[in-house]
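I have opened my notebook and want to jot down what I look up, one topic at a time. Here is what I am working from.

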Amino acid sequence: MDPHRTTTEDDALDPAASLAIIDAQRARVRDSVEVDGRIIFGAWGVAWLVGYLVLHTTTRDTAAGPSPSGWGFAVFGVLLAAALAVTIGHVTSRTTGLRGESSRIGAMLGIGWFVAFATVFAVMAAIMRSDVADGPMGGVLANTIPCLVVGVLYLGQGAAWQERTQFVLGAWICVVTAASAFVGVPGLYLVMALAGGGGFLLGAAVEQVLRGRRS
Amino acid sequence: MSDLDPVIHAQSRLRVMATLAAMPADEEITFPRLQQVLEMTAGNLSTHLRKLEDAGYVEQSKTHRGRTPVTYVGLTRPGRHAYDDYLTSLRAMLDPTRQEQTS
């Protein structure tokens, strides 16, 4: 390494070049360290839109009332698992090697999701063992309980990170979930696909617009 | 140009400072991850970090994760102030009307 050459290079820095370096590094941090809302909202938007449409189109009348087919639920499950894998992979790759308040908040929220969904599965197991599962509210509860939890966690995350898109999305998911409970099966799946999945995709589009304005 | 802090006003160190300042306040990053974000060689990065640390702008804390030693790098409070001042001077140089208004 030639220290003199570096010094000459550094002396040549003019204010405009310095500002260009700063802008470039900010963009680099945004693209390598910050979690990208477009990826997260986009992945869940596609999973909800396609998954719920599959549930809706495969719903048939059964002895216990209208219900999606087994393979419909399987496709829905695979899509949700894929969105979860994208989320975990993306967040992990962006936040690896970071330490501080934001990382601690992120870790606590991650544990929060785990605890909340463990509770959702336990409550659903209890519902499925009861008579409620055989009635028209069985399908409604099986969908509204996890969606309510998603909405509330998005509200909390939006508040913790001070991210408006995420907060509004959380409120929107709560509204859509409430509406879907009154619609019932099978219309509920259409509501979740278009308003829920559509809401996530709109959130991804908003992030794209905000990103364009910032740079 | 005399207004600009010479510790920061050097291409490599400016890149390091701008990167650390762009992260959330109080957030630290491991040396290899910072190296990856900056696309700098380890030797080059440690040379510049040492200069920034000598000026009190950057703090390097060594710890262990399991048996592996890990070095976290973060901006100090004086470092953040110095960077903010640098940015203010820079903007004033590029927009003299604003400099007149503020001084």
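**Second largest pocket**

I started with a pocket in this predicted model. The second largest pocket holds about 220 Å³ of space. I wanted to know which residues line the second largest pocket. My list reads B:Leu20, B:Pro24, B:Ala25, B:Asp26, B:Glu27, B:Glu28, B:Glu59, B:Gly74, B:Leu75, B:Thr76, B:Arg77 and B:Arg80. Two elements of chain B give two or more residues to that lining: strand 3 (68-75) and helix 4 (77-94). I also sorted the lining of this pocket by character and got four nonpolar, two polar and six charged residues.

One lining residue, B:Asp26, caught my eye again when I checked backbone angles. B:Asp26 is not a glycine, yet its phi is positive, about 70 degrees. I found B:Asp26 in the loop between helix 1 (11-22) and strand 1 (28-30) of chain B. Is B:Asp26 buried or exposed? Its relative accessibility is 55%, so I put it down as exposed, the cut-off being over 50%.

**Chain B as a whole**

Next I zoomed out to chain B. I noted five helices and three strands in chain B. Read from the N terminus, the elements of chain B go α-β-α-α-β-β-α-α. Along the principal axes, the C-alpha atoms of chain B fill a box of roughly 55 × 25 × 20 Å. Chain B has 103 residues, and buried ones make up 45% of them. I then looked at contacts in chain B with a separation of 6 or more: 52% of them come from residues 24 or more positions apart.

**Where A meets B**

How many residues does each chain bring to the contact? I wrote down 28 residues from chain A and 33 residues from chain B. About 2700 Å² of area is buried between chain A and chain B, and carbon and sulfur atoms give 58% of that. On the chain A side, A:Pro15, A:Gln25 and A:Arg99 supply 24% of the area that chain A buries against chain B, more than any other three residues.

**Helix 7 of chain A and the loops beside it**

I moved on to helix 7 of chain A, residues 164-183. This helix has 20 residues and spans 29 Å from its first C-alpha to its last, close to the 28 Å expected at 1.5 Å a residue. Which residues of helix 7 in chain A are buried? I ticked off A:Thr165, A:Gln166, A:Leu169, A:Gly170, A:Ile173, A:Cys174, A:Val176, A:Thr177 and A:Ser180. The cover over the buried residues of helix 7 includes helix 3 (37-57), helix 6 (137-161) and helix 8 (187-214) of chain A.

Then I checked both ends. In the loop between helix 6 and helix 7 of chain A I found A:Gln162. A:Gln162 has a positive phi of about 55 degrees although it is not a glycine. With 68% relative accessibility, A:Gln162 counts as exposed. At the other end, helix 7 of chain A is followed by A:Gly184, which has a positive phi near 75 degrees. The loop between helix 7 and helix 8 of chain A also holds A:Pro186. The peptide bond from A:Val185 to A:Pro186 is cis, with omega near 5 degrees.

**Three spot checks in chain A**

My first pick was A:Leu80, in helix 4 (residues 70-95) of chain A. A:Leu80 is partly exposed, with a relative accessible area of 24%. Leaving out residues up to four places away in sequence, A:Leu80 touches A:Trp44, A:Ala47 and A:Trp48. I also took the C-alpha distance between A:Leu80 and A:Ala43, which are 37 residues apart along the chain, and got 8.9 Å.

A:Val86 is found in helix 4 of chain A too. Its relative accessible area is 37%, so A:Val86 goes down as partly exposed. With residues up to four places away in sequence not counted, A:Val86 touches A:Ile39 and A:Ala43. Between A:Val86 and A:Val168, 82 residues apart along the chain, the C-alpha atoms are separated by 22 Å.

My last pick was A:Ala159 in helix 6 of chain A. At 40% relative accessibility, A:Ala159 counts as partly exposed. A:Ala159 and A:Phe200 sit 41 residues apart in sequence and 18 Å apart in space, C-alpha to C-alpha.

How values were computed. Residues are numbered from 1 along each chain as its sequence is written. Chains are lettered from A and ligands numbered from 1 in the order in which they are written. This is a predicted model: local features need pLDDT of at least 70, side-chain atom pairs count only at pLDDT 80 or more; totals for chains, interfaces and linings use all residues. Side-chain values use heavy atoms; hydrogens and water are left out. On a 1 Å grid over the protein atoms alone, a cavity is a set of points where a 1.4 Å probe fits but cannot get out, and a pocket is an open set with protein on both sides within 12 Å along at least five of seven lines; lining residues have an atom within 4 Å of a point. Grid points are joined across faces, edges and corners, and a volume is the space filled by probe spheres set on the points. Helices (H or I, at least four residues) and strands (E, at least two) are DSSP runs, numbered from the N terminus. Ala, Val, Leu, Ile, Met, Phe, Trp, Tyr, Cys and Pro count as nonpolar, Asp, Glu, Lys and Arg as charged, and the others, Gly among them, as polar. The expected span of a helix is 1.5 Å times one less than its number of residues. Buried means under 20% relative accessible area, exposed over 50%, partly exposed in between (1.4 Å probe, protein chains only). Contact means heavy atoms within 4.5 Å. Buried area is the accessible area (1.4 Å probe) that two parts lose on being put together, summed over both.
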